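Okay, thanks for squeezing me in, everyone. I'll put the model up and then we'll walk through some of its helices and strands.

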Amino acid sequence: MGSSDYTFETFFNVVNGECRSAFKFKYGTDPSTEKKLWDWPVATTNDVEEAVQSANDAFKVWSSTPIEERVEKISQWKESYKGYCENFTTLLMAECGKTRALAAGEANEVISLFDHHLQLRIPEERIEDDHRIITTRHVPVGVVAAICPWNFPVVLSMGKILAAVLSGCCIIVKPSPFTPYSALKLVELAQLFFPPGVIQVLGGEDFLGPALVSHPNIHKISFTGSSATGKKIMQSAAGTMKRVTLELGGNDPAIVFPNVDIENTASEVVQGCFVFSGQVCVAIKRVYVHEDIYQPFLDAMVKAASMIQVGEATNKSTTMGPMQNEMQRQRVQELIADTEVNGYTFALPPRSFESNSGYFLSPAIVDNPPENSRIVVEEQFGPIIPVLKWSNEADVISRANNTKSGLGASIWNSDATHAEQVGRQIQSGSVFINSWAKTTPRGMLSGHKESGIGGEWGSTGILHYCNVQVMHDFK
Ligand code: NAD
């Protein structure tokens, strides 16, 4: 591929260094307009077999390529990517329905991911006693399949790709069929810098994910998506004893103490609930507010959420775009209907839209529904949020933990020491103090309980792409 062939209008699978079209195509839908986007090629079983073979062949050389050479190639890819940041921003706006600010934030976060991985090195430990030298090494696990969700197509696939190739693994990326375009383009660009088979991508139908998970010559699955799919993957991966990293769903609580600045905190909490229409794994999903400030805080949340401008992603005044897909919109509408049928009170009711096109939903806030209501118990992954009252600290911590999920949480308290004491009692992979979930590649993203196994990013995420080998060298 020459860089002059690299356009954002045509999309290919990449197998063995080759950009491949197909006999069968699918297309995505612009969530803002419901208009057809570009065709993307559907990979065949033959493509899968060739990609797996190519990855295993490439692994023999790539795994023993000195890390400084691998770093050099990643660095060249980064420089090239920087020149296309604007193209990726536009693509993300079209395929995800993200506002320009959100899409540009994601495209730029990829540069932070590059920078983070460029300075990472894989640790080796050497211990010597009277009889032997014990050297603990981390060796690349082999061929990895990255199975990705639709909400952050570039950031979530790049986190997997960079950790894999830096550690010496080869990787086959499977983007979500809802948002395949940007991952296809990322991997196509990588072909200018990496040997064939090191980074490949296959877009496909429902057979593709299970085919990768059960394939005997794939050695690890790095999956980000729902807990339901994660369980299926874990079950199927057991057949070949594959390593799995599972980054799954959440039901993140925010606990608000009575000593906060009400207006500012409510405005921040609202952002944490409704960012990308709530379609963020670590978005706030439940808000627990101390009874002493419950009503003014709820009023301030309603005021802040009412100012959100819902509209087409490309419209400059829009601050919240549409839902990414119709299925997800229907799921949220079901939760809205459940809230109505059960007679719970909307502090901010959802509004209807005049336009017949676009998967739009407006922010909605439910006033103190029961703890066992669906809107409290389930991951809504959309712009409807329950606000709940608390009075006793131990009790609210127990309510926050009373879930099968354990992905993220936030504690809002002007006494940071106290906030941290509370945060330590929360069963989740990430806890944000006086902030909604602002993740960074420097901090590991991982889930407790049914929110996942293993983790990615941070200084140790890369170790999940390695097996440990201990050399016992007797004197
Ligand atoms: P999903 O589980 O429906 O799909 C994710 C991917 O898995 C897609 O590529 C899909 O094609 C593939 N897939 C589906 N069934 C499969 C199977 N049986 N075997 C192998 N692959 C299969 O999830 P989604 O709707 O795309 O994403 C939303 C979910 O992802 C939410 O629950 C959200 O919380 C979670 N998520 C988690 C994180 C995190 O870091 N923990 C980040 C983003 C999203």
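So, let's start with α3 and helix α6, which is residues 181-190: their axes come within 9 Å and cross at roughly 155°. Since this is a predicted model, please hear every number today as computed from it. That angle is over 145, the cut-off for this label, and α3 and α6 are therefore roughly antiparallel to each other. Who does the touching? On the α3 side you've got F88, L91, L92 and E95, and on the α6 side Y181, S182, K185 and L186. If you sort the residues of that contact by class, you get 5 nonpolar, 1 polar and 2 charged.

Now stay with α3, residues 85-96, and look at α4, residues 100-118. Here the axes come within 8 Å, and the crossing is at roughly 135°. How do α3 and α4 lie to each other, then? They are oblique, and that follows because the angle falls outside the ranges for parallel, antiparallel and perpendicular. The crossing of α3 and α4 is right-handed, by the way. From α3, the residues that meet α4 are C85, E86, F88, T89, T90, L92 and M93. Coming from α4 to meet them are R100, A103, A104, E106, A107, N108 and I111. By class, this contact of α3 with α4 has 8 nonpolar, 3 polar and 3 charged residues. If you're following along on the screen, click on F88 and L92: they're in the α3 list for α4, and they're in the α3 list for α6 as well.

Okay, on to strands. There's an open sheet of 3 strands, in the order β5-β6-β22, with antiparallel pairing. β5 (125-128) and β22 (466-474) are at the edges, each with a single partner strand, so each has one side left without a neighbour in the sheet. On average, neighbouring strands here are turned by 15° against each other, ignoring direction. Zooming in, β5 and β6, residues 132-140, run antiparallel and are joined by 4 bridges. If you want a landmark, find E128: standing opposite, in β6, is I133.

Next one is β10, residues 220-224. How many of its residues are buried? That would be 5 of 5, and the strand is described as mostly covered. As a reminder, side chains in a regular strand alternate between the two faces of the sheet. In β10, one side has K220, S222 and T224, the other has I221 and F223, and all of them are buried, so both faces are covered. As for its partners, strand β7 (residues 143-147) runs parallel to β10, joined by 4 bridges, and V144 has K220 as its bridge partner there. β10 also pairs with strand β11, residues 243-247, in the parallel sense over 5 bridges. The pair to look for there is F223 with L246 in β11.

Now the 7-stranded one. This is an open sheet too, with mixed pairing, and the order is β14-β15-β16-β13-β12-β17-β18. Which strands are the edges? They're β14 (345-348) and β18 (430-433), each of which pairs on one side only. From one strand to the next, the twist averages 25°. At the β14 end, β14 and β15 (residues 364-367) pair in the antiparallel sense over 3 bridges, with F346 opposite V366 in β15.

Further into that order you find β12, residues 252-256, which is mostly covered, with 5 of its 5 residues buried. D252, A254 and V256 point one way, P253 and I255 point the other way, and all are buried. β12 runs parallel to β13, with 5 bridges joining them, and A254 has V287 as its bridge partner in β13.

Last stop is a single glycine, G278, which sits in the loop between α9 (262-274) and β13 (284-290). Is G278 buried or exposed? With a relative accessibility of 2%, G278 counts as buried, because the cut-off for that is under 20%. Leaving out residues up to four places away in sequence, G278 touches C273, A283, K285, F381 and G382. And to give you a distance across the model, the C-alpha atoms of G278 and N46 are separated by 38 Å, with their positions 232 residues apart along the chain.

That's my tour, so over to you.

Methods
Residues are numbered from 1 along each chain as its sequence is written. This is a predicted model: local features need pLDDT of at least 70, side-chain atom pairs count only at pLDDT 80 or more; totals for chains, interfaces and linings use all residues. Side-chain values use heavy atoms; hydrogens and water are left out. Helices (H or I, at least four residues) and strands (E, at least two) are DSSP runs, numbered from the N terminus. Buried means under 20% relative accessible area, exposed over 50%, partly exposed in between (1.4 Å probe, protein chains only). Contact means heavy atoms within 4.5 Å. Axes are lines fitted to C-alpha atoms, for helices over the stretch in contact, and angles run from 0 to 180 degrees between N-to-C directions. Angles under 35 degrees count as roughly parallel, over 145 as roughly antiparallel, 65 to 115 as roughly perpendicular and the rest as oblique. A crossing is left-handed if the near helix is turned anticlockwise from the far one by less than a right angle, and right-handed if clockwise. Ala, Val, Leu, Ile, Met, Phe, Trp, Tyr, Cys and Pro count as nonpolar, Asp, Glu, Lys and Arg as charged, and the others, Gly among them, as polar. Two strands pair if DSSP finds at least two bridges between them.
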